[in-house]
Every structure is written in structure tokens, then in C-alpha cells.
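Got your viewer open and a selection tool ready? Let's take a walk through this one, stop by stop.

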Amino acid sequence: MSNTSSLSAKLPAACSWSGGKDSCLALHKAANNGFEPRLLITMMTEDGKISRSNGVPMAVLEQHANELGCELLTFSATWDSYTSVFESALIRIKQMGIEHLILGDMAVDAHRIWYEQLCPPQGIKPVFPLWGIDTAEVVKEIESTDISAIVVVTEASKLGQEYIGREVNVAFGQELSKMGLDPCGENGEYHTVVTAAPLFKNRSVNVLIGEPVTNGTHWRADIRLCD
């Protein structure tokens, strides 16, 4: 298993990019610890319009890639076809001469096991820069590294629509902790879109966050790239 702390030479890498805070911080840490980000891999809904879970539209993802100086590859899938489509993405990464995939997972064992089962058979080494870090500390790192991330999806049974549009920072994380929720949303409490990061060429991506709507289980806001 790849570990950023043990690598000294720059290695070309892809990043599993949701458009949210975890993948952004993972990419930031990996870039500072021996990796050269070249490619963003994003899993989209079956219609190809928005990223899975975070709901980030293609235009914003393309702007993220442009700011990071990376190529963006997107793959559309249903939840039922997700695994097979992700395997196709791994094959594509390998064909492009990249053997490391940066991942933003930090605490859920089942997620790590899934990647560890899928990646090596395709010649890809998963890299987990955030793994094992206390999630409250991750929120502190997001704030201290000047990554700006806005809540755009919440699980309705845990967080109401009033949390849509909130910025993730230490105060926000502490608020969730007092509610018995994970500061980073590791149990699905919320998802974000990144609007600023140190690795962005222009430091920020301007987006408009629409009014939240619910499907019964989640609150979700429409995200649009500002002109």
C-alpha cells in the first residue's frame, strides 16, 4: 500500500475527485509529499450531469481541473454499475501510464477495503493521505490550508436545509460534534463543493449555490459556475 510519507521522488498520480473537500485536501497533502497530480477521475450520475454524492456539475468540475492543471476524466454509472465502471476507470488510468490513485477516505474501513480489492488487479496503487487522521483534525487542516468548501448536500435526517451554504471550518465541525455527528460528514451527514484551494492557479472558483430542495432523504442545492 502506498504511503505518502515514504516517498521522496515525484510520482505521477490520478485523484478520485468528487469536487468536495476530502478529495481536495487529499490532493493537497499528496502534492506536498511526493506526488505530481496529473489526472482527476470523477464518477458521475448515470446521465453524466453531476458527480455522485456531491452533485457537482460538469462545468464546475472542468473549472476545478483547469485550476489544478489536470486532465479530467468522467465516468457515468448507476449505483448498480458503479463497481464495474470504476474498474474501467482504473484500466484507463493504467493505460495513461499512471499507477497511483489518491483517495480522500479517512475512516470507513469498508471503503478502504473496496479500493484495496479493486485497484491492485488493475496495476493501480491506492494512496490514502487522510487515513487515520481524526476527522476534527481534518476540518482544522481544511481551514488552516485555506481550502474553502461549501455544504451543498445534507442527509435530511441529520442536518436540515439551513446547513446548505455553510462553509466548512472549525466552528462548523465543533457544532456538528456537539450534535453527535461527524465533523467531516464521514457518515454521510453532508457533502461539499470546493471554491478555493492553494493548488488552484487563480486560488478560487466562483459558484452560485441555489435554494435547497429535498427528495425526502437529502437536501440538495443546485450548483452553477459564475461567468
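Select Phe172 and Tyr190 to begin: Phe172 is buried, and Tyr190 is buried too. This is a predicted model, so treat every stop as a look at a prediction. The structure holds 10 aromatic pairs. Here the ring centres of Phe172 and Tyr190 sit 5.2 Å apart with the planes at 90°, so this pair is edge-to-face. The two partners come from distant parts of the chain, 18 residues apart: Phe172 belongs to helix α6 (residues 170-178) and Tyr190 to strand β7 (residues 190-196).

**Along β7**

Now colour in β7. Six of its seven residues are buried, which leaves the strand mostly covered. Show β6 (148-155) as well. β6 and β7 pair in the antiparallel sense, over six bridges. For one spot on that pairing, pick Val151 and look across to Thr192 in β7, which stands opposite.

Val151 also leads you to the next stop. Gly165, in the loop between β6 and α6, is in contact with Ile150 and Val151 once neighbours within four places in sequence are left aside. Buried or exposed, where does Gly165 fall? In between: with a relative accessible area of 39%, Gly165 is partly exposed. Draw a distance from its C-alpha atom to that of Val207 and you should get 11 Å, though the two are 42 residues apart along the chain.

**The open sheet**

Next, hide the side chains and bring up five strands. What is their order in the open sheet? It reads β3-β2-β1-β4-β5, with parallel pairing. At the edges are β3 and β5 (125-127), each pairing on one side only. Tilt the view and compare neighbours: on average, strands next to each other in this sheet are turned by 30°, direction ignored.

Zoom in on β1 and β4, which run parallel and are joined by two bridges. Select Ala14 and find its bridge partner in β4, Leu101. Then move on to Ser16, also part of the tour's β1 stop, as this residue lies in that strand. Ser16 has a relative accessible area of 18% and is buried; the cut-off for buried is under 20%. Leaving out residues up to four places away in sequence, Ser16 touches Ser23, Ile41, Leu101, Ile102, Leu103 and Tyr115.

**Two helices to compare with the sheet in view**

One of those contacts, Ser23, is among the buried residues of α1. Select α1 (residues 21-31) and you have a mostly covered helix, with 11 of its 11 residues buried.

Now go to α3 (residues 82-95). Why does its length make sense? At 1.5 Å a residue, its 14 residues should span 20 Å, and the end C-alpha atoms are 20 Å apart, which agrees. Show the side chains of Tyr82, Val85, Phe86, Ala89, Leu90 and Ile93, which are buried in α3. Look down the helix axis: these buried residues fall within an arc of 150°, so they line one face of α3. As background, an α-helix has 3.6 residues a turn, so residues three or four places apart point the same way. What do the buried residues of α3 pack against? Their partners are β1 (11-16), β2 (35-44), β3 (71-76), β4 (100-102) and α4 (109-118). Just past the end of α3, click Gly97, where phi is positive at about 85°.

Keep Tyr82 and Phe86 selected and add Trp79, Trp114, Tyr115, Phe128 and Trp131: together these form one aromatic cluster.

**A stop in α5**

Pick Val138, in helix α5 (residues 135-144). With a relative accessible area of 1%, Val138 is buried. Its contacts, not counting residues up to four places away in sequence, are Leu25, Met106, Ile133 and Cys184. Pro183 is 45 residues from Val138 in sequence, and the C-alpha atoms of the two are 8.6 Å apart.

**Two loops to finish**

Most residues other than glycine have a negative phi. Which way does Ser53 go? Its phi is positive, near 70°. You'll find Ser53 in the loop between β2 and α2 (58-68), where it is partly exposed, at 30% relative accessible area.

Last, select Arg203, in the loop between β7 and β8 (207-214). Phi of Arg203 is positive as well, near 75°, and at 43% relative accessibility this residue counts as partly exposed.

How values were computed: Residues are numbered from 1 along each chain as its sequence is written. This is a predicted model: local features need pLDDT of at least 70, side-chain atom pairs count only at pLDDT 80 or more; totals for chains, interfaces and linings use all residues. Side-chain values use heavy atoms; hydrogens and water are left out. Helices (H or I, at least four residues) and strands (E, at least two) are DSSP runs, numbered from the N terminus. The expected span of a helix is 1.5 Å times one less than its number of residues. Buried means under 20% relative accessible area, exposed over 50%, partly exposed in between (1.4 Å probe, protein chains only). The arc is that of the directions from the helix axis to the C-beta atoms. Contact means heavy atoms within 4.5 Å. Two strands pair if DSSP finds at least two bridges between them. Axes are lines fitted to C-alpha atoms, for helices over the stretch in contact, and angles run from 0 to 180 degrees between N-to-C directions. Rings of Phe, Tyr and Trp (its six-membered ring) pair if their centres lie within 6.5 Å; planes under 30 degrees apart count as stacked, over 60 as edge-to-face and the rest as tilted.
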